[in-house]
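Dear colleague,

Please find below the structure that I am handing over to you. My notes on what was found in it follow directly after it.

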Amino acid sequence: MSYKSASELTPPAELVARFRRDLEALAPGPGRLALAVSGGADSVAMLLLAKAAMPARLCAATVDHGLRPAAADEAAMVARLCRDLAVPHAILTVETPIDGASVQAQAREARYAKLLNWAHDASASALATAHHADDQAETFLMRAARGSGTPGLAGIRARRLATWFDRELLIVRPLLGWRRAELRAIVEAAEAPFVDDPSNVDPAYDRTRFRDLIAHNPELDVPALAASAAHAAEAERTLMEIAAREWLLRRRWDLPDVAFDPAGLPRGLLRRLTQLAIDTVRADAEMPGAWRIGGLDRLLTTLEQGRTGTIAGVKASAKHAEWRFSAAPARRSH
(Lines give C-alpha, C1' and ligand atoms only; values in the text may rest on other atoms or scores of the structure.)
Protein backbone atom coordinates (compact mmCIF):
# COMPACT_ATOMS: atom_id res chain seq x y z
CA MET A 1 0.00 0.00 0.00
CA SER A 2 1.33 3.44 -0.90
CA TYR A 3 0.34 6.77 0.61
CA LYS A 4 1.70 10.25 1.10
CA SER A 5 5.10 10.93 2.62
CA ALA A 6 5.40 11.43 6.38
CA SER A 7 5.54 15.22 5.97
CA GLU A 8 2.33 15.19 3.94
CA LEU A 9 0.52 13.18 6.62
CA THR A 10 0.50 16.22 8.94
CA PRO A 11 -3.05 17.50 9.64
CA PRO A 12 -3.90 21.21 9.34
CA ALA A 13 -2.22 23.43 11.95
CA GLU A 14 -5.50 24.52 13.58
CA LEU A 15 -6.49 20.89 14.20
CA VAL A 16 -3.06 20.09 15.62
CA ALA A 17 -3.32 23.09 17.97
CA ARG A 18 -6.81 21.97 19.05
CA PHE A 19 -5.55 18.46 19.78
CA ARG A 20 -2.60 19.81 21.75
CA ARG A 21 -4.94 21.89 23.94
CA ASP A 22 -7.26 18.96 24.53
CA LEU A 23 -4.41 16.66 25.44
CA GLU A 24 -2.61 19.10 27.73
CA ALA A 25 -5.86 19.68 29.64
CA LEU A 26 -5.83 15.97 30.53
CA ALA A 27 -2.13 15.10 30.70
CA PRO A 28 -0.01 18.20 31.24
CA GLY A 29 3.75 17.95 31.39
CA PRO A 30 6.59 16.61 29.28
CA GLY A 31 6.11 12.89 29.96
CA ARG A 32 5.99 10.21 27.31
CA LEU A 33 2.59 9.56 25.73
CA ALA A 34 1.56 6.03 24.76
CA LEU A 35 -1.06 5.68 22.01
CA ALA A 36 -3.46 2.77 21.54
CA VAL A 37 -3.77 2.53 17.74
CA SER A 38 -6.10 -0.17 16.43
CA GLY A 39 -5.84 0.83 12.79
CA GLY A 40 -9.34 2.30 12.59
CA ALA A 41 -9.82 5.83 11.28
CA ASP A 42 -10.26 7.27 14.80
CA SER A 43 -7.00 5.95 16.21
CA VAL A 44 -5.03 6.68 13.03
CA ALA A 45 -6.27 10.29 13.19
CA MET A 46 -5.08 10.45 16.81
CA LEU A 47 -1.69 9.10 15.73
CA LEU A 48 -1.33 11.77 13.02
CA LEU A 49 -2.44 14.57 15.35
CA ALA A 50 -0.16 13.43 18.17
CA LYS A 51 2.82 13.06 15.85
CA ALA A 52 2.37 16.64 14.68
CA ALA A 53 1.70 17.99 18.19
CA MET A 54 4.49 16.24 20.13
CA PRO A 55 6.77 14.32 17.73
CA ALA A 56 9.46 13.34 20.23
CA ARG A 57 7.25 12.04 23.05
CA LEU A 58 5.31 9.21 21.44
CA CYS A 59 5.13 5.45 21.37
CA ALA A 60 2.28 3.37 19.98
CA ALA A 61 0.92 -0.15 20.21
CA THR A 62 -1.67 -2.29 18.45
CA VAL A 63 -3.40 -5.22 20.14
CA ASP A 64 -4.11 -8.35 18.10
CA HIS A 65 -6.88 -10.18 19.95
CA GLY A 66 -6.75 -13.15 17.59
CA LEU A 67 -10.49 -12.78 16.89
CA ARG A 68 -10.24 -12.16 13.12
CA PRO A 69 -7.81 -13.53 10.53
CA ALA A 70 -7.24 -10.01 9.17
CA ALA A 71 -6.16 -8.62 12.54
CA ALA A 72 -2.50 -9.55 12.11
CA ASP A 73 -2.36 -7.78 8.74
CA GLU A 74 -4.04 -4.70 10.23
CA ALA A 75 -1.51 -4.58 13.07
CA ALA A 76 1.29 -4.85 10.52
CA MET A 77 -0.26 -1.95 8.58
CA VAL A 78 -0.13 0.23 11.71
CA ALA A 79 3.46 -0.86 12.32
CA ARG A 80 4.45 0.29 8.81
CA LEU A 81 2.71 3.63 9.26
CA CYS A 82 4.43 4.18 12.62
CA ARG A 83 7.76 3.25 11.06
CA ASP A 84 7.27 5.88 8.36
CA LEU A 85 6.28 8.42 11.00
CA ALA A 86 9.30 7.48 13.17
CA VAL A 87 7.03 6.52 16.08
CA PRO A 88 8.14 3.45 18.10
CA HIS A 89 5.49 0.75 17.76
CA ALA A 90 4.71 -2.62 19.33
CA ILE A 91 2.26 -5.35 18.37
CA LEU A 92 0.72 -6.92 21.48
CA THR A 93 -0.78 -10.38 21.04
CA VAL A 94 -3.46 -11.83 23.30
CA GLU A 95 -2.39 -15.42 23.91
CA THR A 96 -5.49 -16.72 25.72
CA PRO A 97 -8.33 -17.44 23.26
CA ILE A 98 -11.40 -15.20 23.64
CA ASP A 99 -14.70 -17.00 23.13
CA GLY A 100 -18.07 -17.69 24.73
CA ALA A 101 -20.34 -14.95 26.08
CA SER A 102 -19.47 -11.23 26.20
CA VAL A 103 -16.71 -11.45 23.61
CA GLN A 104 -16.37 -7.67 23.35
CA ALA A 105 -16.11 -7.27 27.13
CA GLN A 106 -13.49 -10.00 27.34
CA ALA A 107 -11.56 -8.44 24.46
CA ARG A 108 -11.67 -5.02 26.16
CA GLU A 109 -10.29 -6.43 29.42
CA ALA A 110 -7.53 -8.33 27.61
CA ARG A 111 -6.70 -5.27 25.50
CA TYR A 112 -6.33 -2.93 28.48
CA ALA A 113 -4.27 -5.47 30.42
CA LYS A 114 -1.83 -5.68 27.51
CA LEU A 115 -1.76 -1.93 26.87
CA LEU A 116 -1.31 -0.95 30.51
CA ASN A 117 1.62 -3.32 31.03
CA TRP A 118 3.24 -2.24 27.77
CA ALA A 119 2.79 1.50 28.49
CA HIS A 120 4.17 1.10 32.01
CA ASP A 121 7.21 -0.80 30.72
CA ALA A 122 7.69 1.92 28.07
CA SER A 123 7.91 4.51 30.91
CA ALA A 124 4.88 6.38 29.59
CA SER A 125 3.19 8.90 31.88
CA ALA A 126 -0.20 8.40 30.19
CA LEU A 127 -2.00 6.12 27.73
CA ALA A 128 -4.29 7.79 25.18
CA THR A 129 -7.19 6.06 23.47
CA ALA A 130 -9.21 7.40 20.53
CA HIS A 131 -12.71 7.45 22.05
CA HIS A 132 -14.70 10.37 20.66
CA ALA A 133 -18.03 12.18 21.09
CA ASP A 134 -20.01 9.63 19.05
CA ASP A 135 -18.66 6.81 21.25
CA GLN A 136 -19.70 8.82 24.30
CA ALA A 137 -23.23 9.40 22.98
CA GLU A 138 -23.66 5.70 22.18
CA THR A 139 -22.40 4.71 25.63
CA PHE A 140 -24.75 7.16 27.35
CA LEU A 141 -27.80 5.82 25.50
CA MET A 142 -26.82 2.18 26.05
CA ARG A 143 -26.47 2.69 29.79
CA ALA A 144 -29.59 4.82 30.09
CA ALA A 145 -31.53 1.99 28.44
CA ARG A 146 -30.19 -0.38 31.12
CA GLY A 147 -31.28 1.87 33.97
CA SER A 148 -27.79 2.97 35.00
CA GLY A 149 -27.20 5.55 37.73
CA THR A 150 -24.71 8.41 37.54
CA PRO A 151 -21.60 6.15 37.50
CA GLY A 152 -22.85 4.46 34.32
CA LEU A 153 -24.34 7.57 32.71
CA ALA A 154 -20.98 9.33 33.18
CA GLY A 155 -19.90 7.13 30.31
CA ILE A 156 -16.32 7.22 29.07
CA ARG A 157 -14.12 9.20 31.46
CA ALA A 158 -11.89 11.85 29.90
CA ARG A 159 -9.17 10.77 32.32
CA ARG A 160 -8.87 8.10 34.98
CA LEU A 161 -6.12 6.48 36.95
CA ALA A 162 -5.95 2.76 36.19
CA THR A 163 -4.58 0.56 38.97
CA TRP A 164 -3.68 -3.09 38.54
CA PHE A 165 -1.49 -5.15 40.85
CA ASP A 166 1.26 -2.74 41.99
CA ARG A 167 1.09 -0.48 38.93
CA GLU A 168 -0.74 2.74 38.11
CA LEU A 169 -1.16 4.62 34.85
CA LEU A 170 -3.21 7.61 33.71
CA ILE A 171 -5.61 6.85 30.84
CA VAL A 172 -6.72 9.88 28.81
CA ARG A 173 -9.25 10.38 25.99
CA PRO A 174 -8.25 13.65 24.26
CA LEU A 175 -10.75 13.15 21.41
CA LEU A 176 -13.97 13.10 23.47
CA GLY A 177 -14.83 16.53 22.07
CA TRP A 178 -14.29 15.41 18.45
CA ARG A 179 -16.80 13.81 16.09
CA ARG A 180 -16.24 10.52 14.27
CA ALA A 181 -16.73 12.17 10.87
CA GLU A 182 -14.10 14.87 11.40
CA LEU A 183 -11.52 12.30 12.52
CA ARG A 184 -12.19 10.20 9.45
CA ALA A 185 -11.87 13.33 7.30
CA ILE A 186 -8.38 13.95 8.72
CA VAL A 187 -7.23 10.47 7.72
CA GLU A 188 -8.83 10.59 4.29
CA ALA A 189 -7.34 14.02 3.56
CA ALA A 190 -3.89 12.68 4.45
CA GLU A 191 -4.55 9.53 2.40
CA ALA A 192 -3.27 7.53 5.36
CA PRO A 193 -4.11 3.83 5.58
CA PHE A 194 -6.88 2.68 7.92
CA VAL A 195 -9.33 -0.21 8.29
CA ASP A 196 -13.03 -0.50 9.03
CA ASP A 197 -13.59 -3.18 11.68
CA PRO A 198 -16.53 -5.33 10.50
CA SER A 199 -17.75 -5.66 14.10
CA ASN A 200 -18.67 -1.96 13.96
CA VAL A 201 -21.58 -2.79 11.64
CA ASP A 202 -22.51 -6.16 13.13
CA PRO A 203 -26.05 -5.88 14.59
CA ALA A 204 -25.25 -8.67 17.04
CA TYR A 205 -23.56 -6.04 19.22
CA ASP A 206 -25.51 -3.54 21.34
CA ARG A 207 -23.26 -0.64 20.37
CA THR A 208 -23.93 -1.18 16.67
CA ARG A 209 -27.69 -1.03 17.23
CA PHE A 210 -27.45 2.17 19.26
CA ARG A 211 -25.13 3.69 16.65
CA ASP A 212 -27.78 2.90 14.05
CA LEU A 213 -30.47 4.41 16.29
CA ILE A 214 -28.56 7.70 16.50
CA ALA A 215 -27.86 7.73 12.76
CA HIS A 216 -31.57 7.39 11.90
CA ASN A 217 -32.92 9.78 14.54
CA PRO A 218 -31.41 13.25 14.13
CA GLU A 219 -33.20 14.46 17.27
CA LEU A 220 -30.70 12.30 19.21
CA ASP A 221 -28.05 15.02 19.04
CA VAL A 222 -24.57 13.61 19.61
CA PRO A 223 -23.01 16.71 21.25
CA ALA A 224 -26.04 17.04 23.55
CA LEU A 225 -25.85 13.38 24.58
CA ALA A 226 -22.10 13.69 25.18
CA ALA A 227 -22.74 16.82 27.26
CA SER A 228 -25.25 14.88 29.37
CA ALA A 229 -22.57 12.26 30.02
CA ALA A 230 -20.18 15.03 31.07
CA HIS A 231 -22.79 16.43 33.50
CA ALA A 232 -23.28 12.94 34.96
CA ALA A 233 -19.51 12.57 35.36
CA GLU A 234 -19.36 15.89 37.22
CA ALA A 235 -22.20 14.81 39.51
CA GLU A 236 -20.49 11.49 40.17
CA ARG A 237 -17.20 13.19 41.06
CA THR A 238 -19.06 15.44 43.51
CA LEU A 239 -20.85 12.50 45.13
CA MET A 240 -17.59 10.57 45.49
CA GLU A 241 -15.93 13.59 47.14
CA ILE A 242 -18.81 13.80 49.64
CA ALA A 243 -18.63 10.05 50.21
CA ALA A 244 -14.88 10.27 50.87
CA ARG A 245 -15.46 12.91 53.55
CA GLU A 246 -18.25 10.85 55.15
CA TRP A 247 -15.94 7.82 55.07
CA LEU A 248 -13.32 9.63 57.12
CA LEU A 249 -15.95 10.79 59.62
CA ARG A 250 -17.95 7.56 59.94
CA ARG A 251 -15.48 4.73 59.58
CA ARG A 252 -14.53 2.83 62.76
CA TRP A 253 -10.76 2.75 62.99
CA ASP A 254 -10.54 0.69 66.22
CA LEU A 255 -11.89 -2.59 64.80
CA PRO A 256 -10.21 -5.41 62.90
CA ASP A 257 -13.16 -5.34 60.48
CA VAL A 258 -13.99 -2.46 58.18
CA ALA A 259 -17.09 -0.74 59.56
CA PHE A 260 -19.00 2.51 59.29
CA ASP A 261 -22.11 4.17 60.75
CA PRO A 262 -24.87 4.39 58.08
CA ALA A 263 -27.32 6.47 60.16
CA GLY A 264 -29.09 9.30 58.35
CA LEU A 265 -27.38 8.87 54.97
CA PRO A 266 -29.31 8.75 51.69
CA ARG A 267 -29.03 5.59 49.63
CA GLY A 268 -26.75 7.18 47.04
CA LEU A 269 -24.09 7.85 49.69
CA LEU A 270 -24.64 4.47 51.35
CA ARG A 271 -23.94 2.82 48.00
CA ARG A 272 -20.66 4.67 47.62
CA LEU A 273 -19.55 4.08 51.22
CA THR A 274 -20.32 0.39 50.75
CA GLN A 275 -18.19 0.39 47.60
CA LEU A 276 -15.33 1.99 49.56
CA ALA A 277 -15.69 -0.61 52.33
CA ILE A 278 -15.65 -3.52 49.85
CA ASP A 279 -12.64 -2.03 48.03
CA THR A 280 -10.80 -1.66 51.35
CA VAL A 281 -11.44 -5.26 52.41
CA ARG A 282 -10.44 -6.63 49.01
CA ALA A 283 -7.25 -4.56 48.99
CA ASP A 284 -6.32 -5.62 52.55
CA ALA A 285 -6.95 -9.28 51.66
CA GLU A 286 -5.07 -8.88 48.36
CA MET A 287 -7.97 -10.30 46.38
CA PRO A 288 -7.05 -10.44 42.69
CA GLY A 289 -8.79 -8.55 39.91
CA ALA A 290 -11.56 -5.98 39.83
CA TRP A 291 -15.13 -6.61 40.95
CA ARG A 292 -18.36 -5.59 39.23
CA ILE A 293 -20.89 -3.59 41.22
CA GLY A 294 -23.88 -5.57 39.92
CA GLY A 295 -25.84 -6.79 42.93
CA LEU A 296 -24.81 -3.86 45.10
CA ASP A 297 -28.40 -2.64 45.44
CA ARG A 298 -29.49 -6.08 46.65
CA LEU A 299 -26.72 -5.99 49.26
CA LEU A 300 -27.86 -2.54 50.40
CA THR A 301 -31.41 -3.86 50.90
CA THR A 302 -30.03 -6.81 52.86
CA LEU A 303 -28.07 -4.50 55.16
CA GLU A 304 -30.97 -2.07 55.57
CA GLN A 305 -33.03 -5.05 56.80
CA GLY A 306 -30.37 -5.89 59.39
CA ARG A 307 -29.25 -9.08 57.66
CA THR A 308 -25.94 -10.47 56.36
CA GLY A 309 -24.86 -10.90 52.74
CA THR A 310 -21.78 -11.47 50.61
CA ILE A 311 -20.47 -9.87 47.43
CA ALA A 312 -17.16 -10.14 45.56
CA GLY A 313 -15.62 -12.30 48.29
CA VAL A 314 -16.63 -9.86 51.05
CA LYS A 315 -19.04 -10.59 53.92
CA ALA A 316 -21.24 -7.65 54.96
CA SER A 317 -23.43 -7.53 58.06
CA ALA A 318 -25.54 -4.97 59.92
CA LYS A 319 -25.21 -5.06 63.69
CA HIS A 320 -24.61 -2.72 66.61
CA ALA A 321 -25.86 0.22 64.47
CA GLU A 322 -22.94 -0.35 62.09
CA TRP A 323 -22.33 -2.01 58.79
CA ARG A 324 -19.31 -4.31 59.01
CA PHE A 325 -17.28 -5.83 56.20
CA SER A 326 -14.67 -8.58 56.21
CA ALA A 327 -13.26 -11.21 53.88
CA ALA A 328 -15.84 -13.96 53.47
CA PRO A 329 -14.73 -17.38 54.74
CA ALA A 330 -13.83 -19.91 52.11
CA ARG A 331 -16.65 -22.23 51.13
CA ARG A 332 -16.41 -25.76 52.44
CA SER A 333 -16.13 -28.47 49.81
CA HIS A 334 -18.03 -31.74 50.27
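Ala41 is placed in helix α2, which covers residues 41-53; helices here are DSSP runs of H or I with at least four residues, strands are runs of E with at least two, and both are numbered from the N terminus. The model is a predicted one, in which local features need pLDDT of at least 70 and side-chain atom pairs count only at pLDDT 80 or more, while totals for chains, interfaces and linings use all residues. Residues are numbered from 1 along each chain as its sequence is written, and side-chain values use heavy atoms, with hydrogens and water left out.

Ala41 has a relative accessible area of 7%, so it is classed as buried (under 20% relative accessible area, against over 50% for exposed and partly exposed in between, with a 1.4 Å probe and protein chains only). Setting aside neighbours within four places in sequence, Ala41 has contacts (heavy atoms within 4.5 Å) with Leu183, Arg184, Val187, Phe194 and Val195.

Asp42 also belongs to helix α2. Beyond its neighbours within four places in sequence, Asp42 touches Ala130, His132, Leu175, Arg180 and Leu183. Leu183 is thus listed for Ala41 and for Asp42.

Both residues appear in a UniProt record: the unreviewed entry lists Ser38, Gly39, Gly40, Ala41, Asp42 and Ser43 under "binding site". UniProt positions are given in the numbering used here, feature names are shortened, and annotations may be inferred rather than shown by experiment.

A further residue to look at is Ala133, in helix α5 (residues 133-145). Its relative accessibility is 5%, and Ala133 therefore counts as buried. Apart from neighbours within four places in sequence, Ala133 is in contact with Leu175, Leu176, Trp178, Arg179, Val222 and Ala226. Leu175 is a contact of Ala133 and of Asp42. From Ala133 to Met240 there are 107 residues in sequence and 24 Å in space, C-alpha to C-alpha.

As for the chain as a whole, eleven helices and eleven strands are present. Its C-alpha trace spans about 70 × 45 × 40 Å along the principal axes. Of the 334 residues, 43% are buried. Among contacts with a separation of 6 or more, 66% join residues 24 or more positions apart.

Yours faithfully,
A colleague
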